[in-house]
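Okay, thanks for coming, everyone. I've got one structure to walk through today, so let me put it up on the screen.

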Amino acid sequence: MNQSLHMLQRAIPTSGETIPIIGIGSWKKFDVSETEAGRVNLKRILVNMQEQGARLIDSSPMYGRSEQVIGELTSETGLAEKFFYATKVWTSGREAGVRQMKDSFQKMKRKVMDLMQIHNLVDWETHLKTLRQWKSEGIVRYIGITHYTNSAHAELERIIAKEPIDFVQFNYSIANRNAEKRLLPLVMDRGVAVLINEPLEKGALFEKVKNKPLPSWLGDWGIQSWAGFFLKYIISHPAITCVIPATSNPLHMHDNLMAGEGFLPRQSERQKMVEYFEQL
């Protein structure tokens with residue numbers, strides 16, 4: 001596979017640093033034991049990410065062995081310094097948070113974490129104080145908050161409106177467009193980078209389009225798979241910094257990464273995609 005020079009990059013508003021617009025999530029997919037054959041596929045995915053121009057890996061202590069596996073496999077591939085590492089704190093209390101985050105550094109083999117996020121807003125005020133201190137000391141490069149449900153969007157909006165943060169992560173897909181109402185316009189106004197989780201609705205989007213052909217007009221846009229259709233819709237929104245679909249299948253990852261190249265639908269074309277999807 002030839003190295004890609006065309007992966008779209010988006011800027012992190014608080015720094016101007018650019019990152020590739022397609023990354024990978026690790027929930028369930030990287031929670032594998034030392035002896036599982038699936039580790040071979042995960043290594044292939046990491047290599048393919050580098051070949052196709054992707055960098056961001058997102059994890060959490062909530063995701064079983066995922067942080068440990070990420071640390072091991074990125075080292076084993078010799079690519080450890082090529083990735084942008086994002087993980088989370090998911091506990092209550094300052095000292096418990098510090099212990100958990102230090103454990104994540106050790107598991108992922110990081111001296112400095114690119115992005116530390118407060119998972120599902122758990123005790124966010126406490127952890128935000130710690131993370132601001134750590135950012136000033138260079139222990140973490142960026143700080144953020146996350147959630148995965150529509151019901152949390154209003155709380156994310158309240159925090160973004162009053163607190164200076166670098167990243168926010170939330171759910172958004174062509175089938176679930178609640179974030180378009182207020183959250184996405186707000187992050188653009190406040191200059192906050194956006195990571196998108198559950199872009200494929202845990203695979204449910206593929207069930208809806210199973211055995212159904214892609215519309216012929218997608219050929220002009222360079223979209224050759226349903227994964228490309230779903231991901232192009234998301235990344236064509238100007239507020240999106242990076243989308244993080246989770247997979248342990250190298251072929252699926254290749255499809256995901258291809259969505260980060262080439263044409264991006266304009267607003268009228270995005271609406272056409274929605275109308276087509278909803279009539280299926």
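Let me start in the middle of things: what do the buried residues of α2 pack against? Keep in mind that this is a predicted model. The answer is α1 (38-51), β4 (56-58), β5 (84-89) and α3. So which residues are we talking about? The buried residues of α2 are S66, E67, V69, I70, G71, E72, L73 and T74. That makes eight of the eleven residues in this helix, which runs over residues 66-76, so α2 is largely enclosed by the rest of the structure. And right after α2 comes G78, which has a positive phi, near 75°.

Okay, let's zoom out. The protein has ten helices and ten strands. Its radius of gyration is 18 Å, and the globule rule gives 19 Å for 280 residues, so the protein is as compact as a globular protein of that length. If you like box dimensions, the C-alpha trace spans about 55 × 45 × 30 Å along the principal axes. Of the 280 residues, 54% count as buried. Now look at the contacts with a separation of 6 or more: 77% of those come from residues 24 or more positions apart.

On to the surface and the charges. The protein exposes about 12,300 Å², with carbon and sulfur atoms supplying 48% of that. There are 35 positive and 31 negative side chains, and the centres of the two sets lie 0 Å apart.

Now the aromatics, which I had some fun with. The count comes to 14 aromatic pairs. Take F105 and W134: that pair is edge-to-face, at 6.0 Å centre to centre with 85° between the planes. F105 sits in helix α3 (residues 94-108) and W134 in helix α4 (residues 124-136), so the pair ties together parts that are 29 residues apart in sequence. Are these two buried or exposed? F105 is buried, since its relative accessible area is 9%, and W134 counts as buried too, at 7%.

Here's another one, W217 with Y276. Their ring centres are 5.8 Å apart and the planes are at 90°, so we call this pair edge-to-face. Where are the partners in the chain? W217 is in the loop between α7 (204-208) and α8 (226-235), while Y276 is in helix α10 (residues 267-278), so to speak a link between distant parts of the chain, 59 residues apart. W217 has a relative accessible area of 19%, and because the cut-off for buried is under 20%, it still counts as buried. There's also an aromatic cluster to point out, made up of F206, W226, F229, F230 and F277.

Last stop: F263. You'll find this residue in the loop between α9 (250-258) and α10. F263 is partly exposed, with a relative accessible area of 26%. Which residues does F263 touch, leaving aside its neighbours within four places in sequence? Those contacts are W221, K232 and E269. And for a sense of scale, F263 and G64 are 199 residues apart in sequence and 37 Å apart in space, C-alpha to C-alpha.

That's my tour, so let's open it up for discussion.

Terms used
Residues numbered from 1 in each chain as written. Predicted model: local features only at pLDDT ≥ 70, side-chain atom pairs only at ≥ 80, totals over all residues. Heavy atoms only, no water. Helix = DSSP H or I, 4+ residues; strand = E, 2+ residues; numbered from the N terminus. Rg over C-alpha atoms; globule rule 2.2 N^0.38 Å. Buried < 20%, exposed > 50% of the residue type's maximum accessible area, 1.4 Å probe, protein only. Contact = heavy atoms within 4.5 Å. Areas by Shrake-Rupley, 256 points an atom, 1.4 Å probe, with all protein chains shown as cover. Lys, Arg positive; Asp, Glu negative; His and termini not counted. Charge placed at Lys NZ, Arg CZ, Asp CG, Glu CD. Phe/Tyr/Trp six-rings, centres within 6.5 Å; stacked < 30°, edge-to-face > 60°.
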